[in-house]
Amino acid sequence: MPSGAGRPSADADLHRRLVYGDEAALAEVYAAYGVLVHRVATRVTRDHTAAEDVAQEVFAHLWSRPYAFDARRGSLRGWLSMLAHRRAVDWVRGEERHRKAAHADEAGLRAVPAASPAPDEAILEQERSLLLHSALARLPLPQQQVVHLAYFAGRTYRQAAVELGIPEGTAKTRLRTALRTLAETLADPPLRGELP
């Protein structure tokens, strides 16, 4: 820990340097509090990789928005701990939502009757399928790869990351971005006859 880190005057000095874009100040903060932030995140997520992602987010947030910390309201140590805890809780909630959504999707698929669809339904289903494939084809290739592995090959984003040789956080971001884009595209489909 750099000498003086944790004292209000030292925190204020580090904060001032961060506001001015001093990379050495960020390195000092990381050296002083990196282990603490990771420990807080690990305690909440119970997942080493997730804790690393959370810690990275915390320090990226401090670097990109140093003005969010106010040395007059508390210590940098306390603020970073609080931020790590919040981000870790968000991660846990996100994972829980993802698990529930995946379970609901799976249950929904099992509940679909095996009866053949009426002709009108078959046509609508075919159009939806064409729209989906068209929207998928317009995604950047890295996003297409993650979506294919996650939804057509049944991989988790972690498994997709391993197969593609990319960090888990990158796979997760690509998947989220792709799904958001697909949702927007499919929510406002082109008029009949305007399929690309």
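**How the labels in this predicted model are earned**

The crossing of helices H2 and H3 is right-handed. Their axes lie 8 Å apart and pack at an angle of about 145 degrees.

Q: What makes up the contact of H2 with H3, by class?
A: It has 14 nonpolar, five polar and two charged residues. Among the residues that meet are Leu 26 and Tyr 30 in H2, and Val 58 and Phe 59 in H3.

Q: Why is Arg 46 called exposed?
A: Exposed means over 50% relative accessible area. Arg 46 has 74%, so the label fits. You can find Arg 46 in the loop between H2 and H3.

Q: What makes the phi of Arg 46 worth a look?
A: Most residues other than glycine have a negative phi. Arg 46 is not a glycine, yet its phi is positive, about 55 degrees.

Q: How do you know that Glu 57 forms a salt bridge with Arg 87?
A: The cut-off is a side-chain nitrogen within 4 Å of a carboxyl oxygen. Here the closest N and O atoms are 3.6 Å apart, so the pair counts. Glu 57 lies in helix H3 and Arg 87 in helix H4, so the salt bridge ties together parts that are 30 residues apart in sequence.

Q: Why is Glu 57 called partly exposed?
A: Its relative accessibility is 38%. Buried means under 20% and exposed over 50%, so a value in between is partly exposed.

Q: Why are Arg 99 and Glu 96 separated by about one helical turn?
A: Because they are three residues apart in helix H4. Their side chains meet in a salt bridge, at 3.0 Å from N to O.

Methods:
Residues are numbered from 1 along each chain as its sequence is written. This is a predicted model: local features need pLDDT of at least 70, side-chain atom pairs count only at pLDDT 80 or more; totals for chains, interfaces and linings use all residues. Side-chain values use heavy atoms; hydrogens and water are left out. Axes are lines fitted to C-alpha atoms, for helices over the stretch in contact, and angles run from 0 to 180 degrees between N-to-C directions. Helices (H or I, at least four residues) and strands (E, at least two) are DSSP runs, numbered from the N terminus. A crossing is left-handed if the near helix is turned anticlockwise from the far one by less than a right angle, and right-handed if clockwise. Contact means heavy atoms within 4.5 Å. Ala, Val, Leu, Ile, Met, Phe, Trp, Tyr, Cys and Pro count as nonpolar, Asp, Glu, Lys and Arg as charged, and the others, Gly among them, as polar. Buried means under 20% relative accessible area, exposed over 50%, partly exposed in between (1.4 Å probe, protein chains only).
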